[in-house]
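Colleague: I would like a close look at one part of this protein, explained slowly enough for someone in a first year of study. Please take the structure below as the starting point.

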Amino acid sequence: MTSATTRAARVNRGSEIAGRTPEQLREIVSHVGAELELAPAEHIIEWAAATFGERFCITSSMGDAVLAHLASKVVPGIDVVFLDTGYHFAETLGTADAVKHTMPVNLITILPKQTVAEQDAEYGPDLYKRDPDKCCALRKVAPLATSLDGYDAWATGLRRAETHNRVIAPVVGWDAKKGKVKVSPIARWTDEQVEAYIAENNVLVNPLVYDDYPSIGCWPCTSRVKPGDDPRSGRWAGQNKTECGIHS
């Protein structure tokens, strides 16, 4: 595990380059993106921590704690941003709480600008039924963008195997909408690799995964998936929608 001294050195190096312009950040991506494409996930996280220091965080939807576990081994005390939409399953909130209390990470819970009740008052009840894109924009996309203001780079658990829309997701890329470097350390991992890592390291997993919910979002827009079906077919089932907008 990375020592506290090494962690401090990384933070100091990152502090020296805090506040880089979008042009400078894009330049970093152009130089290292291809170089890190085949690197182990731990090395990718280590590079990001050394490069950005405290201006680097990871995000987690708490379907499992694989990325948080990986990052905590390399950078103890790393910020883990969790977006509480107000519509999460109790099991998801429980997983986030378990991560907070069992891993050497700094869990930061982000809330939307409005509570569910306030949103209902302004837009009408059950916006997720009438305009799921608007609901996701209000409760996911906008809050995350605001929460990343203090960072130059963020890491996600995005994997190419999860959906065809993500097949070209780079390991290190440029998120033009957010103006951040986007890091996907486990982008190349297969489902089998994820399962093996969980088993070998006794990693926390959202209990819903074992109850036929392989892809977990907000409870109104997530349903069980039949064995053999696309793991993400339970997200926004029956609607012409496959992503919340965070990764588009």
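Which residues does Cys218 touch, not counting residues up to four places away in sequence, and what do the surroundings look like?

Modeller: Before the details, please keep in mind that this is a predicted model, in which local features need pLDDT of at least 70 and side-chain atom pairs count only at pLDDT 80 or more, while totals for chains, interfaces and linings use all residues. Residues are numbered from 1 along each chain as its sequence is written, and side-chain values use heavy atoms, with hydrogens and water left out.

Leaving aside residues up to four places away in sequence, Cys218 touches Thr85, Tyr87, Phe89 and Lys140, where a contact means heavy atoms within 4.5 Å. Cys218 sits in the segment after helix 9 (191-201); helices here are DSSP runs of H or I with at least four residues, strands are runs of E with at least two, and both are numbered from the N terminus. With a relative accessible area of 11%, Cys218 counts as buried, a word that means under 20% relative accessible area, whereas exposed means over 50% and partly exposed is in between, using a 1.4 Å probe and protein chains only.

Cys218 also appears in a record: the UniProt annotation "binding site", from an unreviewed entry, covers Cys135, Cys136, Cys218 and Cys221. UniProt positions are given in the numbering used here, feature names are shortened, and such annotations may be inferred rather than shown by experiment. Although these residues are spread over 87 residues of sequence, they cluster in space, with a largest C-alpha distance of 10.7 Å. Cys135, Cys136, Cys218 and Cys221 are also included in the lining of the largest cavity.

To follow that cavity, a definition is needed: on a 1 Å grid over the protein atoms alone, a cavity is a set of points where a 1.4 Å probe fits but cannot get out, and lining residues have an atom within 4 Å of a point. The structure holds one cavity of 30 Å³ or more, and the largest cavity has a volume of about 130 Å³, where grid points are joined across faces, edges and corners and a volume is the space filled by probe spheres set on the points. Its lining is made of 15 residues, and those nearest its centre are Cys135, Cys136, Lys140, Cys218 and Cys221. Helix 8 gives the largest share of this lining, with five residues, and Cys136 lies in that helix, which runs over residues 132-147. By class, the lining has nine nonpolar, three polar and three charged residues; Ala, Val, Leu, Ile, Met, Phe, Trp, Tyr, Cys and Pro count as nonpolar, Asp, Glu, Lys and Arg as charged, and the others, Gly among them, as polar.

With several cysteines in the annotation, one may ask about disulfides, and the structure holds zero of them, a disulfide being a pair of cysteine sulfur atoms within 2.5 Å. Cys135 is in no disulfide, and the nearest cysteine sulfur, that of Cys136, is 6.1 Å away. Cys135 is buried at 6% relative accessible area, and Cys136 is buried at 8%.

Finally, for the wider setting, the protein chain has nine helices and six strands, and 49% of its 248 residues count as buried.

Definitions and conventions:
1 Å grid on protein atoms, 1.4 Å probe; cavity = no way out; pocket = protein on both sides within 12 Å on 5 of 7 lines; lining within 4 Å.
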